[in-house]
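Me: I should like to understand the terms used for a protein structure. Please set each value against its definition.

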Amino acid sequence: VQLQASGGGLVQPGGSLRLSCVASGSIFSINAMGWYRQVPGKQRELVARIISVGTTNYVDSVKGRFTISRDNAKNTVYLQMNSLKPEDTAVYYCNADVSTYSNFAYKSYWGQGTLVTVSS
């Protein structure tokens with residue numbers, strides 16, 4: 001299973017970006033999908049998470065600004081980020097709990113990370 005994240009870049013404060021992450025491989029089912037972020041010297045933190053039935057949760061600092069969604073047919077999770085702030089600058093990683101045809105137990109997989117820089 002591979003997770004490929006894209007959509008990061010440089011944006012001015014107040015701007016928007018949309019991150020995408022596609023899961024590929026011998027996938028039987030995906031339960032939760034999420035986005036985490038990490039800045040140098042700090043622990044990776046959960047930004048947003050969505051489970052298969054659509055329930056979402058967000059870290060308090062992004063509530064009302066970020067929206068997580070998923071397309072189950074495409075094994076893809078999105079993160080729409082609006083009203084971006086300099087403190088949102090980080091490497092964003094996607095994560096998914098996936099069961100495969102070779103091992104039906106769910107296992108956590110990570111994407112490679114995409115850099116989001118919010119700066120004027």
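Me: Why is serine 83 called partly exposed?

Reply: Serine 83 has a relative accessible area of 40%. Buried means under 20%, exposed over 50%, and partly exposed in between, with a 1.4 Å probe and protein chains only. The value of 40% therefore makes serine 83 partly exposed. The model is a predicted one, in which local features need pLDDT of at least 70 and side-chain atom pairs pLDDT 80 or more, while totals for chains, interfaces and linings use all residues. Residues are numbered from 1 along each chain as its sequence is written, and side-chain values use heavy atoms, with hydrogens and water left out.

Me: What makes the phi of serine 83 worth noting?

Reply: Most residues other than glycine have a negative phi. Serine 83 is not a glycine, yet its phi is positive, about 50°. This serine lies in the loop between strand 8 and strand 9; strands are DSSP runs of E with at least two residues, numbered from the N terminus. Asparagine 75 also has a positive phi of about 50° without being a glycine, and it is found in the loop between strand 7 and strand 8. Its relative accessible area is 23%, so asparagine 75 counts as partly exposed.

Me: How do you know that cysteine 21 and cysteine 94 form a disulfide?

Reply: A disulfide is a pair of cysteine sulfur atoms within 2.5 Å. The sulfur atoms of cysteine 21 and cysteine 94 are 2.1 Å apart, and the pair therefore meets the definition. The structure holds one disulfide. It links distant parts of the chain, with cysteine 21 in strand 3 (residues 17–24) and cysteine 94 in strand 9, 73 residues apart.

Me: Why is this disulfide called right-handed?

Reply: The torsion about the S-S bond of cysteine 21 and cysteine 94 is about 50°, so the disulfide is right-handed.

Me: Are the two cysteines buried or exposed?

Reply: Cysteine 21 has a relative accessible area of 0% and is therefore buried. Cysteine 94 is likewise at 0%, so it counts as buried.

Me: What makes strand 9 mostly covered?

Reply: In strand 9, 10 of its 11 residues are buried. The largest nonpolar core has 29 residues, and those with the most contacts inside it include Trp35, Phe66 and Tyr92. Such a core is a set of buried Ala, Val, Leu, Ile, Met, Phe, Trp, Tyr and Cys residues joined through side-chain atoms within 4.5 Å. Strand 9 gives the largest share of this core, five residues.

Me: How do you know that strand 9 pairs with strand 4?

Reply: Two strands pair if DSSP finds at least two bridges between them. Nine bridges join strand 4 to strand 9, and the two strands therefore pair; they run antiparallel. One of the bridges has tryptophan 35 with cysteine 94 as its partner in strand 9. Strand 9 also pairs with strand 11 in the antiparallel sense, over three bridges. Alanine 90 has valine 116 as its bridge partner in strand 11.

Me: What joins strand 9 to strand 10?

Reply: Four bridges join these antiparallel strands, and strand 9 and strand 10 form a hairpin with six residues between them. Aspartate 97 stands opposite serine 108 in strand 10.

Me: Why is tryptophan 110 called partly exposed?

Reply: Tryptophan 110 is placed in strand 10. Its relative accessibility is 38%, so tryptophan 110 counts as partly exposed.
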